[in-house]
Amino acid sequence: MSETILEAKHLYFSYDNDQTHSLNDFSLKIEKGKKIAVMGSNGSGKSTFFLCCNGIHRPSSGNLFFHGKEIGYSRRELLELRSNIGIVFQDPDNQLFSASVYEEISFGILNLGVSKDTARQAVSNIISKLEITPFQEKPTHALSGGQKKQVAIADILVMQPEILILDEPAASLDPKHTDIVRALIDQLSDNDMTILIATHDADYAFAWADEVVLIHEGSVLKSGTPLDVFSDTEALARTNLRPPSVLPLFQTLCRKHILSKELPVPRTLTELEQRLEALPDDAKKASSK
Amino acid sequence: MFEIDTLCYHSKLREKNAEIKFAFTVLTLFICVWNRSIVIAAIVFATTGFLTVCVGGIPAARYIRLLCIPFFFLLLSTLTVVINFSKTPLSGYAICLGTFYITAGKDTILFAVQIFCTAFGSVSCLYFLSLSTPMTDLIAVLERLYCPSLFIELMLLIYRFLFVLAELASSISTAQKARLGNRNFRTSFSSFGALLSVLFIRAIQKSGRLYDAMESRCYDGTIRVLHQQYPVKRKELFLCIGYELLLLYFSWKGLP
């Protein structure tokens with residue numbers, strides 16, 4: 001059985017002295033090494049939950065547990081928590097404060113109290129791993145949106161957290177830079193890191209995630225495997241989401257007896273296309289008739 | 001300012017040791033100002049201009065354009081020294097205006113030329129530093145010189161925020177122009193006021209978010225970052241020392 005790394009129990013949080021709650025009886029268990037897509041409409045409480053995980057916000061009531069131990073809010077406990085749970089913010093301009101990329105990446109690891117030589121080594125490693133070398137000496141204001149996002153991720157990864165939280169990593173990126181960032185996330189997923197991503201992209205969440213969590217009005221509306229969650233059309237409608245394009249297409253093909261229902265559901269359109277290509281020609285002709 | 005920042009990242013001198021460049025600039029500037037000599041100022045101007053354009057690779061046209069700004073400013077300032085109103089003509093020049101003269105003595109004219117040349121030499125000296133050394137390297141040098149950390153951190157954040165806010169101001173201004181916000185003087189004035197107030201609010205919001213982001217990376221009140229290191233080369237060090245000794249020799253000779 002998988003180990004629970006992070007657990008939220010009945011969290012409440014308000015930005016306006018309890019008049020409205022951004023987190024409203026929010027409970028969730030996150031297992032170690034899982035890839036979790038956190039989805040929900042704008043203002044549903046995704047970012048607030050992330051900030052609570054990192055100790056930036058303190059819930060007005062409820063408890064958060066990291067490795068089964070309740071999170072404390074003393075300076076020492078917060079530093080320990082933040083060194084283990086890293087958060088990449090949605091807008092890199094709200095995260096990058098240093099004048100140059102190299103300085104920026106070194107900030108987090110130096111705060112962990114390591115020596116300058118160790119930090120220099122770690123920064124060099126992450127720069128090379130994330131392919132930041134060509135622009136490592138550039139000032140942060142001269143970077144493109146995608147490059148800023150790469151640096152923002154490097155900022156956190158250099159601290160080697162156990163949990164990586166990415167708040168809408170592909171927001172305002174062009175397709176090319178979206179692919180770069182996603183390739184980076186895939187690389188991290190392979191390293192057994194627990195990753196939480198806030199996204200509105202159902203196709204990506206369906207293809208990538210082990211678990212999807214739907215958040216609605218500050219609490220978890222539904223969580224489970226991508227297939228479970230995206231099959232619940234009512235829950236999707238309440239959270240302003242659409243099912244991934246591959247799912248209704250696959251269901252239609254099954255209904256028309258072109259593909260078998262017994263087969264596992266393809267996670268991407270490419271996978272579905274490969275399935276169709278693999279069909280014997282007779283079946284294709286029959287289906288076209 | 002933004003142009004200088006962009007240019008300095010393209011300079012071939014960018015990866016030279018920042019301490020050497022800083023020491024060269026400060027010493028040269030000090031000798032230039034201390035002597036107030038036309039010859040020394042001309043040497044400084046020629047050397048720093050050569051280093052910036054020929055060695056650093058900064059386009060000459062852009063360098064000259066940058067120099068034009070302080071040139072006209074200094075010219076106007078110096079003119080006030082050589083324009084005097086007097087009832088009697090002085091030795092330098094005199095333009096009769098009825099019962100008065102616009103006039104100045106030879107010493108005053110020499111003094112004005114010396115001031116102009118010294119100031120212009122100093123400006124070119126500072127341009128050499130700012131067009132070859134990025135702000136990040138300068139901040140690192142100041143840190144090594146034991147500047148107070150509060151001052152360093154403020155410089156770092158102000159430098160970063162200047163660009164963020166300038167970008168924001170530019171996008172707000174474009175949005176205003178797109179909706180005829182600058183149609184006439186009245187709307188322009190009103191749009192500018194709105195821009196300033198929005199910018200102020202956004203700056204506060206951004207600073208709050210930035211603080212959260214820093215806290216999430218274990219910020220404890222002190223900004224600690226690593227700086228890029230460019231080793232000192234003996235040749236550059238000796239050239240720098242030689243040049244400063246030459247300037248000191250000229251100043252000892254008492255050139256005009």
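**Exercise 1. A bend in a helix**

Task: In this predicted model, find where helix α4(B) bends and by about how much, and then work out how its length compares with the expected value.

Solution: Start with the bend, which lies at C68(B) and amounts to about 30°, with a proline, P70(B), following within four residues. Next, take the ends of the helix: α4 of chain B covers residues 60-82, which makes 23 residues, and the distance from its first C-alpha to its last is 31 Å, close to the 33 Å expected at 1.5 Å a residue. Finally, look at the surroundings of α4(B), which is hardly covered, since the count of buried residues among its 23 residues is two.

**Exercise 2. An enclosed helix**

Task: Decide whether helix α5(A) is largely enclosed or largely open, and check its span against the expected one.

Solution: First the span: helix α5 of chain A, residues 145-157, has 13 residues that should span 18 Å at 1.5 Å a residue, and the end C-alpha atoms are indeed 18 Å apart, which agrees. Then count the buried residues, remembering that a residue is buried if 20 or more other C-beta atoms lie within 10 Å of its own. In α5(A), 10 of the 13 residues are buried, so this helix is largely enclosed by the rest of the structure. Among the buried residues of α5(A) are K148(A), K149(A), D155(A) and L157(A).

**Exercise 3. Two packed helices**

Task: Describe how α2(B) and α3(B) pack against each other, giving the angle and the distance between their axes.

Solution: Two packed helices are described by the angle between their axes and the distance between those axes. Here α2 (residues 18-35) and α3 (residues 38-55) of chain B pack at an angle of about 155°, and their axes are 8 Å apart. Because angles over 145 degrees count as roughly antiparallel, α2(B) is roughly antiparallel to α3(B). To complete the description, note that α2(B) passes α3(B) in a left-handed crossing.

**Exercise 4. Positive phi angles**

Task: Which loops hold E217(A) and H257(A), and how exposed are E217(A) and H257(A)?

Solution: Begin with the background, which is that most residues other than glycine have a negative phi. E217(A) is not a glycine and yet has a positive phi of about 50°; this residue sits in the loop between β9 (211-216) and β10 (219-224) of chain A. With 17 C-beta neighbours inside 10 Å, E217(A) counts as partly exposed. Turning to H257(A), which is not a glycine either, its phi is positive at about 60°, and its place is in the loop between α10 (246-255) and α11 (269-278) of chain A. H257(A) has 11 other C-beta atoms within 10 Å and is therefore exposed, the cut-off being 12 or fewer.

**Exercise 5. Sequence and space**

Task: How far apart in space are C218(B) and G242(B), and is C218(B) buried or exposed?

Solution: First locate C218(B), which is in the loop between α8 (185-215) and α9 (234-253) of chain B. Then compare the separations: C218(B) and G242(B) are 24 residues apart in sequence and 47 Å apart in space, C-alpha to C-alpha. Finally, C218(B) is buried, because 21 other C-beta atoms lie within 10 Å.

Technical notes. Residues are numbered from 1 along each chain as its sequence is written. Chains are lettered from A and ligands numbered from 1 in the order in which they are written. This is a predicted model: local features need pLDDT of at least 70, side-chain atom pairs count only at pLDDT 80 or more; totals for chains, interfaces and linings use all residues. The expected span of a helix is 1.5 Å times one less than its number of residues. The bend at a residue is the angle between axes fitted to the seven residues ending there and the seven starting there. Axes are lines fitted to C-alpha atoms, for helices over the stretch in contact, and angles run from 0 to 180 degrees between N-to-C directions. Angles under 35 degrees count as roughly parallel, over 145 as roughly antiparallel, 65 to 115 as roughly perpendicular and the rest as oblique. A crossing is left-handed if the near helix is turned anticlockwise from the far one by less than a right angle, and right-handed if clockwise.
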